[in-house]
Amino acid sequence: GNNPETTQPYSASLLNISAMSYGALSERAILALSSGAKMGNFYHNTGEGGMSRFHKEGGGDLTWNVGTGYFGCGGFDENGARIFDPEL
C-alpha cells in the first residue's frame, strides 16, 4: 500500500518501458518511447545512459536510472571528481 506520509504517491502501471541506455538508442527512438509512454500512461526507465532532452520531450513519466552516476547524473567539483546533481 501507499505510505500515508507520501506527499506525491505514484502508482506504476503493470506495463512500462524497461531500462535501455541512451547511448544504445537514437534520439528519435528515445523520443518515440517517451511519447508512447505518455500515450499509454506508463513510465519510461532511462537506463544508465543518463536523461536527455528527448526523454523529457515525449512527456511520459520517467524513472531516472542513476546506476553508477557516471553518465549525466551530475557535474564535476573543483578537483574534477563527479558530483551528483538531482536538479540535472
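On the face of helix α1 that is turned away from its buried side lie the exposed residues R28 and M39. The model described here is a predicted one.

The buried side of α1 is formed by I30, S34 and A37. Viewed down the helix axis, these buried residues fall within an arc of 55°, so they line one face of α1. The elements covering them include β1 (43-45) and α2 (53-57). Helix α1 itself consists of 14 residues, and the distance from its first C-alpha to its last is 20 Å, close to the 20 Å expected at 1.5 Å a residue. Just after the helix, N41 adopts a positive phi of about 60°.

Within the protein as a whole, the secondary structure amounts to two helices and four strands. In sequence order these elements give the pattern α-β-α-β-β-β. The protein has 88 residues, of which 22% are buried. Its exposed surface comes to about 6200 Å², and carbon and sulfur atoms supply 53% of that area. When contacts between residues at least 6 apart in sequence are considered, 35% of them join residues at least 24 apart.

Of the residues on the buried face of α1, S34 was examined further. S34 has a relative accessibility of 0% and therefore counts as buried, since the cut-off for that class is under 20%. Its side chain reaches the backbone oxygen of H55 at 2.7 Å. Apart from residues up to four places away in sequence, S34 touches H44, F54, H55, G58, G59 and G60. H44 falls within the span of β1 (43-45), while F54 and H55 fall within that of α2 (53-57), and both of these elements are among those covering the buried residues of α1. The hydroxyl-bearing residue S34 thus combines full burial, at 0% relative accessibility, with a polar partner in the backbone of H55.

A second serine, S13, lies in the segment before α1 (27-40). S13 has a relative accessibility of 28% and so counts as partly exposed. The side chain of S13 reaches the backbone oxygen of L15 at 3.0 Å. Once neighbours within four places in sequence are left aside, S13 is in contact with N41 and F42. N41 is the residue with positive phi just after α1. In addition, the C-alpha atoms of S13 and G40 are 9.3 Å apart in space, although the two residues are 27 apart in sequence.

A search of the whole structure for salt bridges returned one. This salt bridge joins the side chains of E57 and R53, with an N to O distance of 2.6 Å. Both residues belong to helix α2, and because they are four residues apart in that helix, about one helical turn separates them. The two partners fall into separate accessibility classes. E57, at 46% relative accessibility, counts as partly exposed, whereas R53, at 52%, counts as exposed. The cut-off for the exposed class is over 50%, so R53 is placed above it and E57 below it.

Note on methods. Residues numbered from 1 in each chain as written. Predicted model: local features only at pLDDT ≥ 70, side-chain atom pairs only at ≥ 80, totals over all residues. Heavy atoms only, no water. Buried < 20%, exposed > 50% of the residue type's maximum accessible area, 1.4 Å probe, protein only. Contact = heavy atoms within 4.5 Å. Polar contact = N/O pair within 3.5 Å; in protein donor to acceptor, adjacent residues only side chain to side chain. Areas by Shrake-Rupley, 256 points an atom, 1.4 Å probe, with all protein chains shown as cover. Expected span 1.5 Å × (residues − 1). Arc of directions from axis to C-beta. Salt bridge = Lys/Arg side-chain N within 4 Å of Asp/Glu carboxyl O.
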